[in-house]
Amino acid sequence: MNHRPFTFPDTTSTVLPSPTTFFSPNLLSSPLPTNSFFQNFTLKTGNQPEYIHPYLIKSSLSSLSISYPSLFSNPSFTYQIFNPDLTISVSNNPDPTRPHVISSFNDLSLTLDIQPNLRFFLVRGSPFITCQILQPLQLSISTIHAILDLAPNSSNTRFKIRLNNGQTWLLYSSSPINLTHNVSKIESLDFSGVIRIAVLPNSDSGSDFETILDRFSSCYPVSGRVEFTGPFSVEYKWEKKGWGDLLMLANPLHIRLIDNCNGSVSVLNNVKYKSLDGELVGVVGDSWVLKPDPVSITWHSIKGVRNEGYSEIVEALVKDVSGLDSSAIQTTSSYFYGKLVARAARFALIAEEIGYLEVIPKVGKFLKEAIEPWLVGTFGSNGFLYDRVWGGLVTKQGATDTGADFGFGVYNDHHFHIGYFLYGIAVLAKIDPIWGLKYRPQAYSLMADFMTLGKGPNAKYTRLRCFDLWKLHSWASGLTEFTDGRNQESTSEAVNAYYSAALMGLAYGDAHLVALGSLLTSMEIHASQTWWHVKETDTIYAADFTRENRVVGVLWANKRDSGLWFAPAEWKECRLGIQVLPLLPITEPLFSDVEFTRQLVEWTLPALEREGVGEGWKGFVYALQGVYDKDVAVEKIRGLNGYDDGNSLSNLLWWIFSRGGCEEGASGHCWFGRYCH
């Protein structure tokens, strides 16, 4: 059997931007990130800000501006306001319009060269901005505020900058630097070496906080990477220079997952910076180990289907499967087509779970006819192609139209679309292993588009295209410039992507893929529950936003919005549904907090009284209602007269009849820990 790597046919996109302006030439021979925390720095003129916690950073006209942002919040949205508190540049710059260059990047950092001799190590979670001046030059540090005071220490290596907006900044230099100032600008004589700048997070931080920053000012990170050290474990490792210990900041999810059994880090609870993502807390240590909760990757429901539901599920299955006809598929969209594939694949697994095997051959036939043309390039009006410029898949339609396939051609939503296909491939490879072996190279190439770990010129795809290893969730938006950075709407479709990759690992007996898919699934679930699911008692967001919203609509790097890309905030059934679909065994751990699930459903139900609410969206509301009220929910599901294009009556009944504990009359097992194939 030929298992040589498969590459989809090359194409030349007419809509993708060129990466050559901003990436150092030595980086262009490897696949490049398309959905990363610094993507704005690679698009158009590169001058939109990015949130590199705890600062908003903007690079423009050969200068770098730093903002310790204030927060705006109302019941509809909350975001951070960018003000260029300090702007660093070269005095009397002979080339003021030169674009910045990304000279290196890693999971947790990037190195930005503003000028050939002005280099910034932008490391996520560092309370200091670190700048290396490679050749003697005169620095300029300007502000939109007024400078009230610039106070040096006796050796001119530490300066306290007080501004009239109430902020106090500390500047440290690796050797004495001569600074003078007027009302809005600080200038230096010739200097080479390292300067570090940090804000005192609030005006009453006091001398204790200053002492802490002083103590950690001489050890600076130049890059940060993530190592996958074992099942449900990742390790952050920073490359550092200078001397002493490294101080970094952790977000609330880090604090929850950090494993300090061996005492390798110390958490400084009195070091706190404000953030849209919740309070950032000081952590001292060169490396952190994060241990997400193990999650069960199972083909079937976790607790089994109750016997009382069998006959009703069989009746629905027979009807749903009889309607499968690959020649009747109208859509050519990679997204909607993928949903139809995954919808059908559910029928095979539901049939398997309840032992009604008669329908499986027809499902298998449909899946083969539907999936194969996308794997071998015979679909005609659409298909997957390979873009060598950035290093990744685009669709035939997306290669000439940014709007086609929801922007798949500019690297939007890859994990969503491909995730649905992987689910279908995993199920088909399970029920027909010979087919699975035949198409394994294509299946793996599709999966690798967003699941690649390796880096360098031999890689076909960038590392973990969509997944943000500092926030621990995915970004869906690709190569489009946005003022508020990357965004993601549906967490459940992101969970589906990594879950489906893990299922594919089960189907192919690939323990490495199972482990990676399971880990990413777990982290995406943790992040969904931290930042998208808004419990009534949560304190991460401002009280007005928390009071009005049980779920975030679109989550941006620098903003939380209650509205959706496709629906206004009032359409709460859509807001709930887009965080649930597709309905799967993995939906159970995603909504493991029953009290929150009840809050979310009760918040949503009044919206169903509106004229014209889609039956498909109602189905997801009732599915979640079934988590805590099966009897009412099943009656509502029986009354539906339509379903989401990725859902079905069979799937809703399977879900409802597999709710509840391992009680009398349930088949299957209670799974604890990881499910071994």
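In which helix does Glu615 lie? Glu615 lies in helix H15, and that is a good place to begin a walk through this predicted model.

**Stop 1: Glu615**

Select Glu615 and show its surroundings. Is this residue buried or exposed? With a relative accessible area of 18%, Glu615 is buried, because the cut-off for that word is under 20%. Now look for its partners beyond the immediate stretch of chain. Setting aside neighbours within four places in sequence, Glu615 is in contact with Gly639, Leu640, Asn641 and Gly642. If you would like a distance to try in your viewer, pick the C-alpha atoms of Glu615 and Asp544: they are 31 Å apart, with the two positions 71 residues apart along the chain.

**Stop 2: the whole of H15**

Widen the selection to residues 615-625, which make up H15. Of its 11 residues, 11 are buried, so the helix is largely enclosed by the rest of the structure. Colour the buried residues and you will pick out Glu615, Gly616, Trp617, Lys618, Gly619, Phe620, Val621, Tyr622, Ala623, Leu624 and Gln625. What covers them? The cover includes helix H12 (572-577), helix H14 (594-604), helix H16 (630-638) and H17.

**Stop 3: H15 against H17**

Add helix H17, residues 649-656, to the view. The axes of H15 and H17 come within 9 Å and cross at roughly 15°. That angle makes H15 roughly parallel to H17. The crossing is right-handed. To see who does the touching, show side chains for Gly619, Tyr622, Ala623 and Leu624 on H15, and for Leu652, Trp655 and Ile656 on H17. What kinds of residue are these? The contact between H15 and H17 has 6 nonpolar residues, 1 polar and no charged.

**Stop 4: H6 against H9**

For a second helix pair, select H6 (residues 414-431) and H9 (residues 491-508). Here the axes lie 8 Å apart and the packing angle is about 30°. H6 and H9 are therefore roughly parallel to each other, and H6 passes H9 in a left-handed crossing.

Show the side chains next. On H6, the contact residues are His415, Phe416, Gly419, Tyr420, Leu422, Tyr423, Ile425, Ala426, Ala429 and Lys430. They meet a set on H9 that includes Glu493, Asn496, Tyr498, Tyr499, Leu503, Met504 and Tyr508. Sorted by type, the residues of this contact come to 16 nonpolar, 4 polar and 2 charged.

**Stop 5: Phe406, on the way into H6**

Step back along the chain to Phe406, in the loop between strand E26 (392-395) and H6. How accessible is Phe406? Its relative accessibility is 44%, so it counts as partly exposed. Leaving out residues up to four places away in sequence, Phe406 touches Tyr335, Phe336, Asn412, Asp413 and His417. For another distance to check, the C-alpha atoms of Phe406 and Glu573 are separated by 21 Å, with the two residues 167 apart along the chain.

**Stop 6: the cysteines**

Finish by selecting cysteines. How many disulfides does the structure hold? The count is 0. Take Cys131: it is in no disulfide, and the nearest cysteine sulfur, that of Cys219, is 17 Å away. Cys131 has 1% relative accessibility, so it counts as buried. Then jump to Cys466, which also counts as buried, because its relative accessibility is 0%.

Definitions and conventions
Residues numbered from 1 in each chain as written. Predicted model: local features only at pLDDT ≥ 70, side-chain atom pairs only at ≥ 80, totals over all residues. Heavy atoms only, no water. Disulfide = S-S within 2.5 Å. Buried < 20%, exposed > 50% of the residue type's maximum accessible area, 1.4 Å probe, protein only. Axes fitted to C-alpha atoms, helices over the stretch in contact; angles between N-to-C directions. Helix = DSSP H or I, 4+ residues; strand = E, 2+ residues; numbered from the N terminus. Parallel < 35°, antiparallel > 145°, perpendicular 65-115°, else oblique. Left-handed = near helix turned anticlockwise from the far one by under 90°. Contact = heavy atoms within 4.5 Å. Nonpolar A, V, L, I, M, F, W, Y, C, P; charged D, E, K, R; others polar.
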